[in-house]
Amino acid sequence: MSSQARLLLGAAVHHGLQPRHLATCAAVASSASASGMEARVIFSPAGRSLFDEPLAITVEGLQPQQQVTLRASLRDEPGVLFESHALYQADIRGQLDLSRSPAMEGGSFSGLEPMGLLWSLKPEKPFWRLVKHDVQSPYRLEVEVLGSHSKCLAKGAHERAFLRDGVKRIPVREGRLRATLFLPSGDGPFPGIIDICGTGGGLPEHRACLMANYGFAMLALAYYAYEDLPKYMKEFHLEYFEEALNYMLKHPKIKGPGIGLFGHSKGGDLCVSMASFLKGITATATVNGSIANVGATLHYKNITIPPLGFSEKRVKIDQSGMADIVDALNNPLEGPNNQSLIPVEKAESRFLFIVGKDDRNWKSEFFATEASKRLQAHGKEKPEIICYPGAGHYIEPPYFPMCPASMHLLVGRPVIWGGEPRAHAAAQVDAWQQLQTFFHKYLSDKQDRRQNKL
C-alpha cells in the first residue's frame, strides 16, 4: 500500500467509516496515481451551507462518459447512518454536474434532481426520522464517487448548518416558559413568530432556527416532555401559551402590533386554539393541522374542550406491524364530537393552511376546508389553503428526507405518515417559501405594506 493510500485509510478510520468504506476509500490514491488523473468532488458553497439552501455538487477528473455511482451519507446525533445513492454518467470532458446531469435508473432516485442525494437519504434503522437536536452543530454530509467494483474514485465532505452567523440563540426560562428565542442579526425590531411542534414533545429548534435566518424572531416553544413541563399529553392549559404570546408582544426586539403562529400537526390545533381565544395574533400558519382539539383536554379559564374521540377498529395494521391511522379519528361535525371543534370563527388572525394530500396521520385537507367554511360563514377573510399532491404528514424545511413511517407516541407503534419522496421533497421547498411570504405579508406594519406595494 502506498503512503498516500495509508493516509487515506487512516483518515477514514478517524471519521468512523464502516469497513466497507475503508477498502474503497483506500483505493482512491492508487486509482488516481495509475490513471494520472485525480477525480474530485466540488461543493458550492464550498465548505458549509444552511440545511434549507440548495447545494451544488459537481465531480471533475472522471473519464469521458464514465458511469459512476454517487453515494451520500450523514449520521444523526444518535449515530444512525442515513444513506442515498444515484447512478450517473460523466460528460465527454469527464465532468458531472448534478444540476445538468440526470440520474439513471437503479438508484435512490432518477431524473434531473440536483438535491436528490439529500432528500432521498434513508436511515439504516427502521422507523427512524432525521431530527436535529443541537442546532448549533452542523451535519457532516459525505459524498463518495464509486467506479467499477465500488472503487472509491473521490470523496468530499460538506457541513449542512442550521444557525446562520449573527443569529442569536437565547434560552428562555421566564415564569413557566420553556423555550428558545432566535433573533436575526441586526438591531430590529423583527416580525415575531411562535413555533409549536407536534406530539413528539420536547423542544425541537431546527425549524425556528432556520426560519430566523430570514429575518423573523422565532420562539421555539416546548409544552410537554421537556424539563419540568408535564411528561405526558393528558391536558393543556392555554394560559401557558398565553404567557409565550405575552412574552413576545412585550419583547423590545419584536415588531408589533401582532404575533405570528406556526404549528405542525398537534402544534397546528394548538395554534388555532391560541388564535381563537387570545388577542394579539395577526397571522397563523399550520402544516397538516386540525381544527378539532386532538390528543389531550384543553382548558382556558372556564372553558374546557375535550379531545376528539377515535376508534381503534378503524386503525389498519399491515404485515410489518405499521398502523394506518388516517380513519381513526371521529368526524368532529357529527353528534357529540362537535364539542371538540375549536371556535376558529372567533379568530381575528389571517390563516394559511399547508396540506399534504397524502397525509396518513389524519384528514388535513378536510380540516382546512372546514376551517375555511366556518371563517367565511362568520364574515372572516377566506384563508389560504395550499394542497400538495404526493406530500405526507411531516412537511419539514427543504431537503429533509421524507419520513414514510415512524413511532407515534400516542399510538404506541410505528404509523404510516404518507408521501411520495419526489413530490414530498418538492412540496417542502415550495411550502417553505409560501410560509415566509405569508408571514412577511401579515407581520409587517402598515408603512411596510405600503412600501411593498410601490
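# Exercises on a predicted protein model

Helix α8 (residues 421-443) has 23 residues and reaches 33 Å from its first C-alpha to its last, close to the 33 Å expected at 1.5 Å a residue. Helices (H or I, at least four residues) and strands (E, at least two) are DSSP runs, numbered from the N terminus. The expected span of a helix is 1.5 Å times one less than its number of residues.

This is a predicted model, in which local features need pLDDT of at least 70 and side-chain atom pairs count only at pLDDT 80 or more, while totals for chains, interfaces and linings use all residues. Residues are numbered from 1 along each chain as its sequence is written, and side-chain values use heavy atoms, with hydrogens and water left out.

**Exercise 1. Find the buried residues of α8 and the part that α8 plays in the largest nonpolar core.**

Step 1. Buried means under 20% relative accessible area, exposed over 50%, and partly exposed in between (1.4 Å probe, protein chains only). In α8 the buried residues include H424, Q428, W432, Q436, F438, F439 and Y442.

Step 2. A nonpolar core is a set of buried Ala, Val, Leu, Ile, Met, Phe, Trp, Tyr and Cys residues joined through side-chain atoms within 4.5 Å. The largest one has 123 residues, and L70, I194, F241 and F439 have the most contacts inside it.

Step 3. To this core α8 gives the most, with nine residues.

Step 4. Another core, of seven residues, lies apart from it; I325, A328, Y394 and C403 are among its members.

**Exercise 2. Describe the surroundings of strand β12 (residues 190-196).**

Step 1. Seven of the seven residues of β12 are buried, so the strand is largely enclosed by the rest of the structure.

Step 2. Two strands pair if DSSP finds at least two bridges between them. With strand β15 (residues 254-264), β12 pairs in the parallel sense over six bridges; here I196 stands opposite G263.

Step 3. Strand β13 (residues 217-221) also runs parallel to β12, joined to it by five bridges. One of the partners is A217 in β13, which faces G192.

Step 4. Between β12 and β13 the chain passes through helix α4 (residues 206-212), a right-handed β-α-β crossover. Right-handed means that, with the strands pointing away from the viewer, the path from the first strand over the helix to the second runs clockwise.

Step 5. Contact means heavy atoms within 4.5 Å. Not counting residues up to four places away in sequence, I194 touches residues including L219, L221, I259, L261 and M274.

**Exercise 3. Which strands stand at the edges of the sheet β1-β3-β6?**

Step 1. The three strands form an open sheet in that order, with antiparallel pairing.

Step 2. β1 (40-44) and β6 (96-97) are the edge strands; each has a single partner strand, so one side of each is left without a neighbour in the sheet.

Step 3. Five bridges join β1 to strand β3 (residues 56-60) in the antiparallel sense, and V41 has V59 as its bridge partner in β3.

**Exercise 4. Locate L329 and list some of its contacts.**

Step 1. L329 is in the loop between β20 (323-324) and β21 (350-356).

Step 2. L329 and F310 are 19 residues apart along the chain, and their C-alpha atoms are separated by 4.1 Å.

Step 3. Leaving aside neighbours within four places in sequence, the contacts of L329 include V294, F310, W362 and F367. F367 is one of the buried residues of helix α7.
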